[in-house]
Amino acid sequence: MTPATCLRLNDFETLLEELQSDGRIDHSGTLCSLIVDEDHADGLVALAERREPFLSRVKLIIAIEDEAYAQDLMARHGSAILTHHISLLPMNVNLTTWLLILRMIVSGGHYIPPALLHCRPSELPMPMLNGATATESANAICLSGLTPRETEVLEMLASGQPNKIIAGKLNLSEHTVKLHIHRIIGKLGVTNRTEAAIWYHRIRGA
């Protein structure tokens, strides 16, 4: 397998000049993920609207630093952002949360900070995640029936702690921790521990 290459370009126009119709960039391989800052957000949305076939394989991400700008972006381009699964990556969260969100996105997920969901055009539905809306998913976690111990495990999992550390702090065996995580994933209706952690941070407003 060819190792991934991280390519940083100074402006969006340079990317468009070097990007080929099949999604390849000269001397750098095939484009897999594309992250732009707020200055180039409109350009990324415009690129997505071109509906090039190769874009269906590319994770499109806008790094968000200014919440007011993000609200305006959703108001102007909410339809395109949801339709083309453009993720909004917050840059003002702690490192653990940021890494969890980024990992979810590059694994095929779609992330928009919960605080921005109300900024979408009113005619658009809430984004779907595993068949449930974002609001329904949040309510599902609150009413999921997690035991106090499972809640403790989820909180520690969401902070990025590995099973061995969780087991030590809670005086449990690693096997028991794995069982707790398996039950948590089942109760929350997610597919893995990363999604469980992301959902936890959404509820806590991280």
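Which side chain meets Arg76 in a salt bridge? The partner is Asp42, with 3.0 Å from N to O. A salt bridge here is a side-chain nitrogen of Lys or Arg within 4 Å of a carboxyl oxygen of Asp or Glu. Everything below comes from a predicted model, where local features need pLDDT of at least 70 and side-chain atom pairs count only at pLDDT 80 or more, while totals for chains, interfaces and linings use all residues. Residues are numbered from 1 along each chain as its sequence is written, and side-chain values use heavy atoms, with hydrogens and water left out.

Back to that pair. Arg76 sits in helix α3 and Asp42 in helix α2, so the salt bridge ties together parts that are 34 residues apart in sequence. (Helices, H or I with at least four residues, and strands, E with at least two, are DSSP runs numbered from the N terminus.) Both partners are partly exposed: Arg76 has 38% relative accessibility, and Asp42 has a relative accessible area of 37%. For these labels, buried means under 20% relative accessible area, exposed means over 50%, and partly exposed is in between, using a 1.4 Å probe and protein chains only. The areas themselves come from the Shrake-Rupley method with that 1.4 Å probe, and for residues only the protein chains shown count as cover.

The count by this rule comes to five salt bridges. In general, side chains of opposite charge can pair when their charged atoms come close. One of the five joins Arg149 to Glu152, at 2.9 Å from N to O. These two both belong to helix α6 (residues 148–158), where they are three residues apart, or about one turn of the helix. An α-helix has 3.6 residues a turn, so residues three or four places apart point the same way. Arg149 is partly exposed at 31% relative accessible area, and Glu152 is partly exposed too, at 35%.

Helix α6 takes part in another salt bridge, this time between Glu150 and Lys187, at 2.8 Å from N to O. Here the link is between distant parts of the chain, with Glu150 in helix α6 and Lys187 in helix α8, 37 residues apart. Glu150 counts as buried at 3% relative accessibility, whereas Lys187 is partly exposed at 33%. Elsewhere, salt bridges with shared partners join Asp42, Asp72 and Arg76 into one network.

Helix α2 (residues 41–49) has another side to its story. Its buried residues are Ala41, Leu44, Val45, Leu47 and Ala48. Looking down the helix axis, these buried residues fall within an arc of 160 degrees, so they line one face of α2. The arc is taken from the directions from the helix axis to the C-beta atoms.

Then there is the surface charge. Asp37, Asp39, Glu65, Asp66 and Glu67 gather there in a patch of negative charge. To make a patch, residues need over 30% relative accessible area and no salt bridge; like charges are joined within 9 Å, and nonpolar side chains (Val, Leu, Ile, Met, Phe, Trp, Tyr) within 5 Å. Lys and Arg count as positive and Asp and Glu as negative, with His and the chain ends not counted. The place of a charge is NZ of Lys, CZ of Arg, CG of Asp or CD of Glu. Within the patch, Asp66 belongs to the loop between β4 (59–64) and α3 (67–83), and is partly exposed at 38% relative accessible area.

Next come some backbone angles. Most residues other than glycine have a negative phi, and most peptide bonds are trans. Arg51, which follows α2, has a positive phi near 55 degrees. His85 is not a glycine either, yet its phi is positive, at about 55 degrees; this residue is in the loop between α3 and β5. Asn171 has a positive phi near 60 degrees. Its home is the loop between α7 (163–170) and α8 (174–188), and Asn171 is exposed, at 70% relative accessible area.

Finally, a few buried residues can be placed by their C-alpha distances. Leu88, in strand β5 (residues 87–90), is buried at 0% relative accessible area. Its C-alpha atom is 5.2 Å from that of Ile112, with the two positions 24 residues apart along the chain. Leu116 lies in the loop between α4 (95–106) and β6 (128–129) and is buried at 3%. The C-alpha atoms of Leu116 and Asp72 are separated by 9.6 Å, although the residues are 44 apart along the chain.
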